[in-house]
Every structure is written in structure tokens, then in C-alpha cells.
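Notebook open, coffee at hand. Today I am looking up cores, salt bridges and surface patches.

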Amino acid sequence: MSLSGKHRVVIVGGGFGGLTTAKALRKTPVDITLVDRRNFHLFQPLLYQVATGGLSPGNIAAPLRSIFARQRNVHVVMDEVIGFDLPRRRVLLQEGELAFDSLVVAAGAKTGYFGNDQWAENAPGLKTVEDAIEIRGRVLTAFEEADKLPTPQAREHLLTFVVVGAGPTGVELAGTLAEIARHTLRHDFRIINPAETRIILIDAAPRILMAYAEDLALNAQKKLMDMGVEVRTQVKIQKVDASGVEVMTAQGVEQIAAANVLWAAGVTASPLAKLLSEATGAPLDRQGRIEVQSDLTLPGHPQVYVIGDMAHFKLPSGQAVPGVAPAAMQQGKYVAKAIQSRFQNVSLSPFTYTDLGSMATIGRKAAIAQIGTWKFTGLIAWILWLFIHLIQIVSFESRILVLIQWAWNYLTFSRSARLITQSGYTHGGHLRTTHVTNSADNS
């Protein structure tokens, strides 16, 4: 027990799962320590809008201390977890350790390259603010560098963008890049015509958006193609380097020259899942997620809960709960109830996942949504997408700022956060290492 005599809850990770767990315990007589290596909660579903200049990082991030300023039973610690001593009930940090009675690990996931981590240098993923700012810099620098070249042939490499992975993130990235090239930047350059930009969306699957109904996915693909995006399925990545990508198609190996390759093809669980697996013997799946029991605990360790993107919870269908924000939030609420049940001396039934639906945006007034048996496309789906994402943003101030920014973007096709604040590409397609600071990214 803590010095106050209360049950000690340590939550690792300030994402959707960890945040929901802490908030759900606000009226419970426990002492909560929330530890994260960052000092903010990030609304990851809108990271692609930072990467494409539609929003600034401060619009989709909120300081953890600010979120819990009025919740007196939460103490926020900014540090990095390096291990677990479960027999002693300790979380090991770079600077010390934390004792716990209940441990909730919700450390999320990172970009996965299917065992080819060397591709990361030339194909950045989109999981962090730094990723988004780097992609934004690469994309905008490509246009700037292309404007210095004399012929369309010389500019072709810089103005070709390959998005790998045709899930929601990949579709959103490809659609937004098309809007930037054909609308936002239309009048900004005197030498190049941004509308000549080539955007290629590729995936090894038979079609895009495999998690969605086929008719919705086909609707999204048609919209992308109408916007000028080349959609290529059943194409497998073989190699990624500074010159572009090498792919395997039904016709054989093909080289696609592109200065910008953006990775949206996969994720792997936080390395903390492996540490917990080694400490408990719980198995990992192919994505590095740790398999949890029906109550989200680990075998032999009823005081250790794992939730969110790093947890593999098997549904009755045999599939795992998807790595989406609503799933992490449902698990966070369940864990809070499980901890509360200890004080009430009642048993809790196993966790059940409720699918609240899926949605993805393709572009201006274009989206798809699947909620139960209901399906929506076009403007209605787009409005639903805007509303759902807006209400899920933690900070009320951020909701207002995002709403105003979206309204302005809609009316003007403008993307006001088009700032190059770090590395981009030179003429030859090599990364530039010069860094330029800008106060707008510190807001």
C-alpha cells in the first residue's frame, strides 16, 4: 500500500487506454501513477493531418498534467519504463522505480516493417509527432526542390509519392496528398504544376481497406482514382531505398522511382510487450502483442493488466480485437471496473468488445463509414467522421481550434501548417540534415 494506505495503481502509457483507465478511477480510493516518456497525450487518428499541413501538433496533443490537473488521485511521471520486477511488484524506470498493487500496461505500438527495419530511413511511418513533422517536411521539400529543376523529366522523381499500405491511414494519406497537389498548392509555384504530381497507393492485399465491406472499399477506391491516385493491389514490397521502391507484381519485379515513400503498412507492439512476455511466459503474436486472458490480465499475474495496441485479446470469432482507439478505451473502462471490484468484493465477468463501427476519410466531402449493418458514403459519412473525431479529442480547447481550422480548410482549400521545420530532400533524393526551428510547432 502507498503511504496514504491506498491501493497503488501504476499505469504505463498516456494513450487512449491508459488515459481512460485513469479517468474511470477518479472517484475510486486509489493512488494512481501515470508514467509516460512523453508529457502529452496524442490523438493519433489525426496525425496524418499534421503530416499534410492541415493541423499543427498542438491541435492534436494535450499535456498530461493539464488533463489530470483536477484529478487529485493521479500523479504524472515523465520517464521511460525499462523493465518489470513482478515478484517485487515494481516498474523499473530509467530514473528509479515505482511500486504497485495493480499494474496497467498500455504502451501502444510502433511502426512495423515486417522485419525490414532498414526501410525506415527512406519510408517513415506515422505513429508519433516527430514522424508527422518529418513527413510534412519531406513532402513540402519535394515540391520546393522540384521547382528548382528545369524539365518535367528531371522533376518526375521528386513529384512521385508512394504510400505503402491501403488501410485507413494509407487511404487518408493518399487522398490528402492528392488534394494538396491539385488544390492547396495550385497557385503557389511559378515553375512547376503541382497537379502533375503522381501519387501511388500500393498494398499486397486483393483490395484496399480489407477490414471494411467490399462495396465500401470499392467506393473509396473509385473516389481515390477520381482524385488522381493510382491504386495498385496485390503488389508486394521487396525493397525500399532512396531511389524508390522495388515491388513484386503478377508480371514480375518492378522498380518505382519515387523520392518520397510513406509507410502505412503495419505496426508492431511496444517492446514492453516482449519484456512482459519474458517475465510472465505469456506468448506473443506475430505483431509482438502479448496474449491476455479473458479479464485482460496475464497468466499467473492477476494484478497485471495489458490493454490497447500491445494486447492480443481473442474474440469468439478467433480474431483479435482491432488496434483502434475505441477498443483501447473499452478495455480501459473494464480494467477500472476490475480494480474497483476488489474493493466491492464482487466478481467481474470477462471483458467483451463492442464493435462501434469503422470509418475512413478519403478527402473533401468523401468518406466511408460502417456502423453495425448501416453503411454510409460521401458527405454523410464525412460529416460523421468529422463529428466522431472531434468529440474524441481530449482537450476542449483543441476541439474548438480543430473545428475552426477544419472550417477554414474546407472553405479555402488552405493548409496553414505547411511548415518545413526539419529534414527534407535535396535534388538527388538524399536526406538533408539541416534543422530549422519554428515556434509554431511548439504550440
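I began with the largest nonpolar core of this predicted model. It holds 69 residues, and Phe143, Leu201 and Ile208 touch the most other members. Helix α4 (residues 129-146) gives the largest share of this core, eight residues. I also noted that domain 1 (8-37 + 79-111 + 267-344) and domain 2 (117-265) each supply at least three residues to this core.

Next I listed the contacts of isoleucine 208, skipping neighbours within four places in sequence; among them are Ala166, Val171, Leu201, Leu224 and Val231. Then I found a second, separate core of 53 residues, including Val9, Ile32, Leu103 and Ala273.

On to charges: my search of the whole structure gave 14 salt bridges. Back in helix α4, arginine 138 pairs with glutamate 134 four residues away, about one turn of the helix. Their closest N and O atoms are 2.7 Å apart. Are these two buried or exposed? Arginine 138 is buried at 1% relative accessible area, and glutamate 134 is buried at 18%.

For contrast I checked lysine 222 and aspartate 226, whose side chains form a salt bridge at 3.1 Å, N to O. Lysine 222 counts as exposed at 53%, and so does aspartate 226 at 56%. Shared partners also link Asp85, Arg88, Arg90 and Glu97 into one salt-bridge network. Within that network I looked up aspartate 85 and arginine 88, which meet at 3.0 Å, N to O.

Last entry: Phe396, Ile400 and Ile404 make a nonpolar surface patch of about 320 Å². Isoleucine 404 sits in helix α11 (residues 396-412) and is exposed, with 54% relative accessibility.

Terms used:
Residues numbered from 1 in each chain as written. Predicted model: local features only at pLDDT ≥ 70, side-chain atom pairs only at ≥ 80, totals over all residues. Heavy atoms only, no water. Patch = residues over 30% accessible without salt bridge, like charges linked within 9 Å, V, L, I, M, F, W, Y side chains within 5 Å. Areas by Shrake-Rupley, 256 points an atom, 1.4 Å probe, with all protein chains shown as cover. Salt bridge = Lys/Arg side-chain N within 4 Å of Asp/Glu carboxyl O. Helix = DSSP H or I, 4+ residues; strand = E, 2+ residues; numbered from the N terminus. Buried < 20%, exposed > 50% of the residue type's maximum accessible area, 1.4 Å probe, protein only. Core = buried A, V, L, I, M, F, W, Y, C linked by side-chain atoms within 4.5 Å. Domains from an automatic or database assignment. Contact = heavy atoms within 4.5 Å.
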